[in-house]
Amino acid sequence: MSIITKALATQSPLIVDGAMATELEKRGVDTANELWSAMALIHDPQAVRNVHLSYFEAGANIAITNTYQANIPAFERIGLSAAEARQLIATAVHEALAARDSYRASGSKADPEATIGSPRPLLVAGSVGPYGAFLADGSEYTGAYELTDAQYRDFHRERMRILADAGVDLFAFETMPNMGEVRALAGLLPEEFPEHEAWVSFSLRDDGHLCDGTPLEEAAAELDGNARIAAIGVNCVPLDVVTAAIRRIRTASGKPIIVYPNNGDIYHPETKTWTPNPSGLSLAQLAPQWVGAGASLIGGCCRTTPEDIRGLSASL
């Protein structure tokens, strides 16, 4: 039985955390660079721990490590050594684990039973962002890149090994826009990381297609037979595509479905500013609909906050 299935047997739905960069910016960390939130691993790792803790306190069951943009080539590109890069990736895991330990040790006012031995599942997922995130040109939202299967594996393998050795409970293959890359990761997992599992969450161009044009049902069906893939879903997508995406995945796979969309704000890349969510809808308002459609792991991505996760947790 997978770790996700075991956790769902204790609590369903499971609550995934929210945005890391948004909360780091509130704490004074500069994320306007190629490393994005991973810059905090160099300058303020305590802030990373504090963000993780704030999400556990808000009701999250799963913390996603601050490694979406953290890979060895990215750190080397800014002048760090490979050894320093490896240590920073491990640090990201250690900060998430430390936040979980701190929360378990102290409990919280919102959940006084969240102590060591509590039945509430608390997991740490190692974020494995796509190759497009390393390119730092928005390619994770287009999928407009192509490597060989071996090249994809070579790019991801060492980060995955560091995450595994540092103690993550599972991997999060997240914001995946390119099916060729997903195939490489799905093959790498059972062959080289047989003790670990992962969820795969896709980046979409619309409610029925990955950013590279692959039909969502086709992608979900291809992963359905892989025993090391614990859940399939979408993330970093608009709120209004989630329900349809869940239904499409459900027709093609019997695995648990994970969704963690953005908060609905609209990003303007030319000015690097945001327009507030025009619909006014929130995770808390929409999550019951997503559960009804078949989702069993729900959280938030860009621009979501601990308050959003607290509201989400309360609504479910």
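Leucine 189 is buried in this predicted model, with a relative accessible area of 0%. The residue belongs to helix 9 (residues 179–192). Beyond its neighbours up to four places away in sequence, leucine 189 touches Met160, Phe171, Phe173, Pro194, His196, Glu197, Ala198, Arg228 and Ile229. One of these partners, phenylalanine 171, sits 18 residues away along the chain, with 9.4 Å between the two C-alpha atoms. Phenylalanine 171 in turn has a contact list that includes Gly126, Val128, Met160, Leu163, Ala164, Leu189 and Phe193.

These contacts lead naturally to the nonpolar interior. The largest nonpolar core has 83 residues, and those with the most contacts inside it are Phe75, Met160, Phe171, Phe173, Phe202, Val259 and Trp290. Helix 6 (residues 82–106) supplies the largest share of this core, eight residues. Another core, of 20 residues, lies apart from it and counts Leu14, Ile64, Ala125 and Cys302 among its members.

The strands form an open sheet of eight, in the order 1-12-9-8-5-4-3-2 and with parallel pairing. Strand 1 (14–15) and strand 2 (62–64) are the edge strands, each pairing on one side only. Strand 4 (residues 170–176) and strand 5 (residues 198–202) are joined in the parallel sense by four bridges, and phenylalanine 173 has valine 200 of strand 5 as its bridge partner. Helix 8 (residues 149–166) packs on the sheet, where it touches strand 3 (123–128) and strand 4; the directions of helix 8 and strand 3 make an angle of about 165°.

Strand 9 (257–260) deserves a closer look. In a regular strand, side chains alternate between the two faces of the sheet. Strand 9 is covered on both faces, with Ile257 and Val259 buried on one side and Ile258 and Tyr260 buried on the other. Four bridges link strand 9 in the parallel sense to strand 8 (residues 229–235), and asparagine 235 stands opposite tyrosine 260. Between strand 8 and strand 9 the chain passes through helix 11 (residues 242–252), in a right-handed β-α-β crossover. Strand 9 also pairs with strand 12 in the parallel sense, over three bridges; here isoleucine 257 has alanine 295 as its bridge partner. Helix 12 (residues 283–293) lies across strand 9 and strand 12 (295–298), and runs at about 140° to strand 12.

Towards the start of the chain, helix 1 (residues 3–10) has Ile4, Ala7 and Leu8 as its buried residues. Viewed down the axis of helix 1, these buried residues fall within an arc of 100°, so they line one face of the helix. They pack against strand 1, strand 2, strand 3, strand 4, strand 8 and strand 12.

A few backbone details round off the picture. Most residues other than glycine have a negative phi, and most peptide bonds are trans. The peptide bond from serine 12 to proline 13, however, is cis, with omega near 0°, and proline 13 is found in the loop between helix 1 and strand 1. Alanine 136, in the loop between helix 7 (131–135) and helix 8, has a positive phi near 55° and is partly exposed at 36% relative accessibility. Arginine 303 likewise has a positive phi, about 75°, although it is not a glycine. This arginine 303 lies in the loop between strand 12 and helix 13 (306–315) and is partly exposed, with a relative accessible area of 28%.

Definitions and conventions:
Residues are numbered from 1 along each chain as its sequence is written. This is a predicted model: local features need pLDDT of at least 70, side-chain atom pairs count only at pLDDT 80 or more; totals for chains, interfaces and linings use all residues. Side-chain values use heavy atoms; hydrogens and water are left out. Two strands pair if DSSP finds at least two bridges between them. Helices (H or I, at least four residues) and strands (E, at least two) are DSSP runs, numbered from the N terminus. Contact means heavy atoms within 4.5 Å. Axes are lines fitted to C-alpha atoms, for helices over the stretch in contact, and angles run from 0 to 180 degrees between N-to-C directions. A nonpolar core is a set of buried Ala, Val, Leu, Ile, Met, Phe, Trp, Tyr and Cys residues joined through side-chain atoms within 4.5 Å. Buried means under 20% relative accessible area, exposed over 50%, partly exposed in between (1.4 Å probe, protein chains only). A crossover is right-handed if, with the strands pointing away from the viewer, the path from the first strand over the helix to the second runs clockwise. The arc is that of the directions from the helix axis to the C-beta atoms.
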